[in-house]
Amino acid sequence: KNSALVLFVVWMATLASPVLAQTPAADRRIDITVLDEQGLAVLRTATQLRPDFLEAHLNLAITLRQLGRLPEAREEADRAIALRPDYPLARYHRGLILVRQSEREAAGRELQVLQGLDPGLAARLHAALEAPPPARP
């Protein structure tokens, strides 16, 4: 019963995102992966109101990964996968988080699962695995 409210709140936060406001109009679309710290509260609220809201958990994982908060991102990706183990995007993003955490073996296992679900996303994860790790400051 809270679904409409949750979606509305997430949509409003997306429109208010400074990152989205800087996006050229031709490329503008509702994409809650570009939310900043303020948007995290909205996504967390969505997951609290609807613990089974797969997309909110996944977008929270993606946003946390983009902010460099990898342990939290992994927890949210794990929650998304627990809700739907065969969801390719959740597997892909957990794989990216594992790559960023330098857990290459675990990312490789994620790649194997993903190859059976979505070969295109599997190829992208494979490329991320093959890329040299980013230089540390």
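Against which helices do the buried residues of α6 pack? In this predicted model, the buried residues of α6 pack against α4 (54-66), α5 (70-83), α7 (104-117) and α8 (119-130). Helix α6 itself covers residues 88-100 and has 13 residues, and the distance from its first C-alpha to its last reaches 18 Å, close to the 18 Å expected at 1.5 Å a residue. Of these 13 residues, 11 are buried, so α6 is largely enclosed by the rest of the structure. The buried set consists of P88, A90, R91, Y92, H93, R94, G95, L96, I97, L98 and V99. The helix is followed by S102, whose phi is positive, near 60 degrees.

Charged pairs were examined next. The structure holds 10 salt bridges, and one of them joins the side chains of E103 and R74, with an N to O distance of 2.8 Å. This pair links distant parts of the chain, since E103 lies in the loop between α6 and α7 whereas R74 belongs to helix α5, 29 residues apart. Both partners retain some accessibility: E103 is partly exposed, with a relative accessible area of 28%, and R74, at 24% relative accessibility, likewise counts as partly exposed.

A second salt bridge is contained within helix α5, where R79 pairs with E76 and the closest N and O atoms are 2.7 Å apart. The two residues are three residues apart in that helix, about one turn. An α-helix has 3.6 residues a turn, so residues three or four places apart point the same way. The surroundings of the two partners are nevertheless not alike, because R79, at 38% relative accessibility, counts as partly exposed, whereas E76, at 6%, falls under the 20% limit and counts as buried.

A further salt bridge is formed between the side chains of D86 and R84, at 3.2 Å from N to O. Here D86 is partly exposed, with a relative accessible area of 43%, and R84 is also partly exposed, at 36% relative accessibility. In addition, salt bridges that share partners join D78, R91, R94 and E110 into one network. Two members of this network, R91 and R94, are among the buried residues of α6, and the network therefore includes side chains from a helix that is largely enclosed by the rest of the structure.

Key. Residues numbered from 1 in each chain as written. Predicted model: local features only at pLDDT ≥ 70, side-chain atom pairs only at ≥ 80, totals over all residues. Heavy atoms only, no water. Helix = DSSP H or I, 4+ residues; strand = E, 2+ residues; numbered from the N terminus. Expected span 1.5 Å × (residues − 1). Buried < 20%, exposed > 50% of the residue type's maximum accessible area, 1.4 Å probe, protein only. Contact = heavy atoms within 4.5 Å. Salt bridge = Lys/Arg side-chain N within 4 Å of Asp/Glu carboxyl O.
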